[in-house]
Amino acid sequence: MGKTPIRRIGVLTSGGDAQGLNAVIRAVVKTASGLGYEVLGIEDGFEGLIGEPHYRVMTSADVRGLLPLGGTILGTTNKGHFGGPRVPDAEFDPYSEAVQNIERLGLKGLITIGGEGTQSITLEFSRMGAPVIGVPKTIDNDLAGTDRTFGFDTALRVATDAIDRLHTTAASHDRVMVLEVMGRHAGWIALHSGIAGGADAILIPEIPFDVNKVAAYVLERDRTGSNFSIIVCAEGAFPKGGQPLYVTGNRLGGVGNFVSEQIEQITGKESRCVVLGHLQRGGPPTPADRILATRFGAAAVNAIHNDIAGELIALRAQDIITVPLEEACGYVKVVRPHNDLIRTARGMGVNFGI
Ligand code: F6P
């Protein structure tokens, strides 16, 4: 009798990290092992599929203790060789090399955990015939195709905690405190944390702001006895008629300080800016993120086991389903100006700089 061939599933993490990546890896390994698959953990995102593939065989013992751990034990790369669209006739085509390696490794399916950039690369692999399944990830919660991504709830908790802490110091000093949070194209973290923390103004990329309107609101609050104000600002927010601010290259940064300085100049009130940065991406995932990540990981393995490929695992209402990868690629899910959260916040008196 011939030996039964080893059935293999690959998994990789790509793009910026988010709390819950390790929880997905754990769920993949445990679910796949239970179904009799060997799991290959591809290292450093898609880069692990270039040249001689670098990966590790993972068993349940390798994922012990991973559930509460932030970051990714597999490592990750932001774009790397896959920074631009595929050029099929190029002398070196990283896409074909990766797809050939997926075949060489004998993967029944490759699970790629990442945001829009990652899923666009995954879609290209799928079009080239590779059996791939995407798992949505980003703290920004801006991936289309799914209601939620893991990492968002944890980032939201960190940002809300920061607002709570800023409140007491702002009130003690009668100051304006500006908190800059992440959110490149979408203001979900700013909007949710601003509402949860009771911010007085929320500035998001989807609603270009007029700093004079924010300053007028700060002064109005003063007149009515609230001598401090809290402004939450997404890193991608920008003034009406202006552009997002960059520190260098495509690294956003500076809008928080810009708003803080402008407010101080216009109102004469002391103002300070806090940039929360990567604190929002580190540390243990919240219970909600651990659960979502676990559901996503298990669903990805089950999809491969059921011969599904070219799809993204997604949360829709209460259910985990699969949707075509195309739904998550080429654009991101932004806050619509008439979103009920915006209306609710405005009803609470929150100023959006308009
Ligand atoms: O996409 C998630 C995100 O947190 C963005 O909000 C932010 O602009 C970006 O990552 C920063 O990533 P990095 O510093 O790793 O390039």
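Let's start with helix α6 and the residues in it that are buried: V211, V214, A215, Y217, V218 and R221. Keep in mind that this is a predicted model. Seen down the axis of α6, those buried residues fall within an arc of 160°, so they line one face of the helix. The general background is that an α-helix has 3.6 residues a turn, so residues three or four places apart point the same way.

What does that buried side of α6 pack against? The partners are three strands, β6 (176-181), β7 (201-203) and β8 (229-234), together with helix α7 (255-267).

The length of α6 can be checked as well. The helix covers residues 211-223, which is 13 residues, and at 1.5 Å a residue they should span 18 Å; the end C-alpha atoms are 19 Å apart, which agrees. At the N-terminal end, D210 acts as a cap, with a side-chain oxygen 2.9 Å from the backbone nitrogen of N212. Just after the helix comes G225, with a positive phi of about 95°.

Now to α7, one of the elements that α6 packs against. α7 has 13 residues, and its first and last C-alpha atoms are 18 Å apart, close to the expected 18 Å. Buried here are V255, G256, V259, S260, I263 and T267. Viewed down the axis of α7, they fall within an arc of 135°, so they too line one face of their helix. On the face turned away from that buried side, α7 carries the exposed residues E261 and Q265. The buried residues of α7 pack against β6, β7, α6, β8 and β11 (271-275). Just after α7, G268 takes a positive phi of about 80°.

Next, a pair of helices. Two packed helices are described by the angle between their axes and the distance between the axes. For α5 (residues 188-197) and α9 (residues 340-347), the axes come within 11 Å and cross at roughly 40°. The crossing is left-handed. Which residues make the contact? From α5 they are W188, L191, H192 and I195, and from α9 they are L341, I342 and A345.

α9 has its own N-terminal cap, N339, which places a side-chain oxygen 2.6 Å from the backbone nitrogen of L341. After α9 comes G349, whose phi is positive, near 90°.

I'll turn to some single residues, beginning with I9. I9 is found in strand β1, residues 8-13. Is I9 buried or exposed? Its relative accessibility is 0%, so I9 counts as buried. Leaving aside neighbours within four places in sequence, the contacts of I9 include A32, Y37, E38, V39 and L40, and further along the chain L107, G109, I111, V301 and I304. By comparison, P85 is 76 residues from I9 in sequence, and their C-alpha atoms are 26 Å apart in space.

N22 lies in helix α1, residues 21-34. N22 has a relative accessible area of 0%, and therefore it is buried. The N22 side chain reaches the backbone oxygen of L69 at 3.2 Å. Not counting residues up to four places away in sequence, N22 touches L66, L69, G70, G71, T72 and I73.

T149 sits in a loop, the one between β5 (132-136) and α4 (152-173). T149 counts as buried because its relative accessibility is 0%. Where does its side chain reach? It reaches the backbone oxygen of T138, at 2.6 Å. Beyond four places in sequence, T149 is in contact with P136, K137, T138, N141, L143, D289 and L292.

Last, two backbone angles. Most residues other than glycine have a negative phi. D44 is not a glycine, yet it has a positive phi of about 60°. D44 lies in the loop between β2 (38-42) and β3 (55-58), and at 32% relative accessibility it counts as partly exposed. D307, also not a glycine, has a positive phi of about 65°. The loop that holds D307 runs between α8 (287-305) and β12 (311-316). D307 is exposed, with a relative accessible area of 61%.

Key
Residues numbered from 1 in each chain as written. Predicted model: local features only at pLDDT ≥ 70, side-chain atom pairs only at ≥ 80, totals over all residues. Heavy atoms only, no water. Helix = DSSP H or I, 4+ residues; strand = E, 2+ residues; numbered from the N terminus. Buried < 20%, exposed > 50% of the residue type's maximum accessible area, 1.4 Å probe, protein only. Contact = heavy atoms within 4.5 Å. Expected span 1.5 Å × (residues − 1). Arc of directions from axis to C-beta. Polar contact = N/O pair within 3.5 Å; in protein donor to acceptor, adjacent residues only side chain to side chain. Axes fitted to C-alpha atoms, helices over the stretch in contact; angles between N-to-C directions. Left-handed = near helix turned anticlockwise from the far one by under 90°.
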